[in-house]
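Student: I have a model open and want to read one of its sheets. Can you take me through it?

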Amino acid sequence: MMSTSLLAALAAAQPAFAQESTPPAPEHAASDTGNAGLQEIIVTAERRFNTAQRTAAAISVRTGADLQLQGRYELKNILEDVPGVSGGASFGVNTSQAGGTDNAATGLVFRGIQSNSGVGGSATSTAAAAAIYVDDVYNGIGGGYDIGRVEVLRGPQGTLYGRSATAGVVAIHTNDPDSKAFAVNATAEIGNYNLRRFSGEVNLPLVTDKLALRVSGNHFERDGYYTAQGDARRSTSFRGKLLWTPTENFSALLGYAQEFNQTRSGGVAVSQGSSPTDFVFVPQAVGTGRNHFRQYWANFNLDLGAVAVTYIPAYRTWYQNATTIARSAPPGPNIDNFVYVPKDNFMTHEVRIRSTATDSKLRWQAGFMYYRNALSETNNLFNLDLPPAGAYLFKSNTHKVTTAEGVFAEATYSFTPDTRLTAGLRYDHTKIEVDQDYTGFTGITASLSGPQRVAAFNNVTYKARLEHDVTPQNLVYASISTGFSPGDTSLTQDLAGVPQVQVLKAQTLTAYEVGTKNRFLNNRLQLNLAGFYNDYGGYQTAGINVAPPGPLRIFQTITVPVKTYGFEFELQARPWARGTFQLNGSYTHARYGDFGIYAAYFSTHEVSPSPPWQVAASYDHRLNLGDTTFVMRGALRFVSAHDSSRITVQQALDGASPYIRVPTVLLADLNANWIINDHLSIAGYVRNLTDKRYLPDNWNVAQVTAGNPPVVTVSANSLSEPRTFGMLVDVKF
């Protein structure tokens, strides 16, 4: 992946104005002063400032301070109590498990909608079904430290976010420079599995109220969960942000970020033995990988009175050199995968203009976005099982340029002070040019050239929403919206080992949502509800191996329609000033439609991995003892039984179904924070208190031999995360 520190996203319309750059207070801030009411959180989910409770959409917010105390800095952990969302940042795409991906959003599943996947053997993904932003930069980096807040928007966000916001957006907004006060913050964390994490931030007000610099860094490393080297992770990141506010109506933020990651695969192979819950661990060699990012960006804001203009340019580079080693008992497979990406450069430009009058009946915003990705990659899969002394299953050398332009507009009209209508429209044009040489397992080589090397996609998305304030504390809304995923083109091989062209078409998601947001009992109780129905034109994948049992890897494009429906709820209560209860949950019914000629490759219509039920409950309590304060938290997470991955009809007949079934899981977390004074605090946490181990999502079955019991070969290196614990010391000046 982009390691533990590559998370995700923000959607801020105009974050750089000095008076608006300070991150909002966390939700528990009210208890600091003894106020029993729930705190409001300012968000920029719809590219303008509003409170989370006044935003008529399914949105969840997590503060960076809370996440740090709970030991949650990987995206999958940040999202674990967000209803309707499963998965996390992708560690790899298809065969690149030891390396990484330039699009971590492919690992996210919103309301049962998976990301389309490119041709098996590709180290980089197609456009994901979810969008990831960091400080307004699409697929930006540096979101794993110095976090202000995380915003998670469920449902299509294509009108305002455009490319790949098909099913939702995950966002992290990091802290901006503050030109008023000097500040230093340092955090040291240690834990089991030799966990070590060190992060720090320095805020320098260079010119009071005019110019400020904030620099922050993060170093993370841990051993593997089974062997010290296998699945070990190491990441070092740095970010600098310079904010200039020469006048009240202009601001400029300049930023630089970098991230260097080292990954491991292998060390031990995990498979299932005589039963689905009997795991066998076999030592194997270790594969190594490394990738790094660099990013330059800016955020300019100009207030012209009646309108305000925002311009955000960004440039990001990615490099990868990785080897995956996978060894299995006879009949295999035993493979080495070599992935080299010397060039993967991204450039984006986004311009937005918006009305500024807050008392007008009509508020509007419009804009333009340009995206360009230039990629070169080599991906070779070597199989040790083929005679005479091993052979390549495929060799691929690809050069690809993707460009996209999008224009959008959205407006909200207030019929009355309590009733509003929002409508939005967006047009996107995507063009992909591919030069590729591909060699199949028979040694036949072909090149992607001529008209086949170019693919173009045009997409129109829209949104319409009606909302009404029943009271100042109770909001109801209903919406219809669409999102799209642009397609892709690539070479792969057929059953005869002959290279052939595979094309992924553009797909559109239509979503219907009704919801309500409420505060009761003088702001002591909050209850938000949302119901949804999604009609997805087609989940597409060219990553399913359609070859007969054996070492071969043959891929074809498969398109299957998907429909999902369900509901989500978020409840928060503060019955007394020092305690807060939270209960979040969701039910998702996600099913594939007609498989057509590919019915043999899907044993069930149930979409995997997509748990039907997810519920998270927690209680936070604050205890003052003299001049110090203790904050204690306990949390439970419930995930209902679901399939971890897809298997074929034949594999199900041979008895493989129980081997990919994740049982119902109940997990417990504990953490405590001792706030000694304004400058020093000590925190400790335990995650997965009972050390519950289970199949991870995407536990892929590679081969099944019928029997009693069947012999099941899986392609995975680990189970779910074991019990982890740690302690961190935070110092502020």
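The dialogue below goes from a sheet to its strands and then to one loop residue.

Tutor: Keep in mind that this is a predicted model. Start with strand order, then pairing sense, then burial.

Student: What is the order of strands in the open sheet, and what kind of pairing does it have?

Tutor: Read across the sheet, not along the sequence. Here the five strands run in the order β3-β8-β9-β6-β7. The sheet is open and the pairing is mixed.

Student: Which strands stand at the edges?

Tutor: Look for strands with a single partner. In this sheet they are β3 (59–63) and β7 (137–138), so one side of each has no neighbour in the sheet.

Student: Take β7. How many bridges join it to β6, and in which sense do the two run?

Tutor: Two bridges join β7 to β6, residues 130–134, and the strands run antiparallel. For a residue pair, take Tyr-133, which is opposite Tyr-138 of β7.

Student: Now the other edge. Is β3 largely enclosed or left open by the rest of the structure?

Tutor: Check burial residue by residue. Buried means under 20% relative accessible area. Five of the five residues of β3 are buried, so the rest of the structure largely encloses this strand.

Student: Which way do the residues of β3 point?

Tutor: Split them by direction. Ile-59, Val-61 and Thr-63 point one way, while Ser-60 and Arg-62 point the other way. Both sets are buried.

Student: How does β3 pair with β8?

Tutor: Count bridges and note the sense. Five bridges link β3 to β8 (residues 147–154), and the pairing is antiparallel. Ser-60 has Val-152 of β8 as its bridge partner. Val-61 is opposite Glu-151 of β8.

Student: And what about the cover of β8, and its bridges to β9?

Tutor: Eight of the eight residues of β8 are buried, leaving the strand mostly covered. Seven bridges connect β8 with β9, residues 168–174, in an antiparallel arrangement. Glu-151 turns up again here, opposite Ala-171 of β9.

Student: Where does Ala-58 lie?

Tutor: Ala-58 is in the loop between β2 (50–51) and β3.

Student: Is Ala-58 buried or exposed?

Tutor: Compare its accessible area with the cut-off. The relative accessible area of Ala-58 is 5%, so this residue is buried.

Student: What is Ala-58 in contact with, beyond its neighbours within four places in sequence?

Tutor: Its contacts include Val-152, Leu-153 and Arg-154, as well as Tyr-477, Ala-530 and Glu-568. Sequence separation can be read alongside distance. Ala-58 and Leu-529 are 471 residues apart in sequence, yet their C-alpha atoms are 8.3 Å apart in space.

Conventions: Residues are numbered from 1 along each chain as its sequence is written. This is a predicted model: local features need pLDDT of at least 70, side-chain atom pairs count only at pLDDT 80 or more; totals for chains, interfaces and linings use all residues. Side-chain values use heavy atoms; hydrogens and water are left out. Two strands pair if DSSP finds at least two bridges between them. Helices (H or I, at least four residues) and strands (E, at least two) are DSSP runs, numbered from the N terminus. Buried means under 20% relative accessible area, exposed over 50%, partly exposed in between (1.4 Å probe, protein chains only). Contact means heavy atoms within 4.5 Å.
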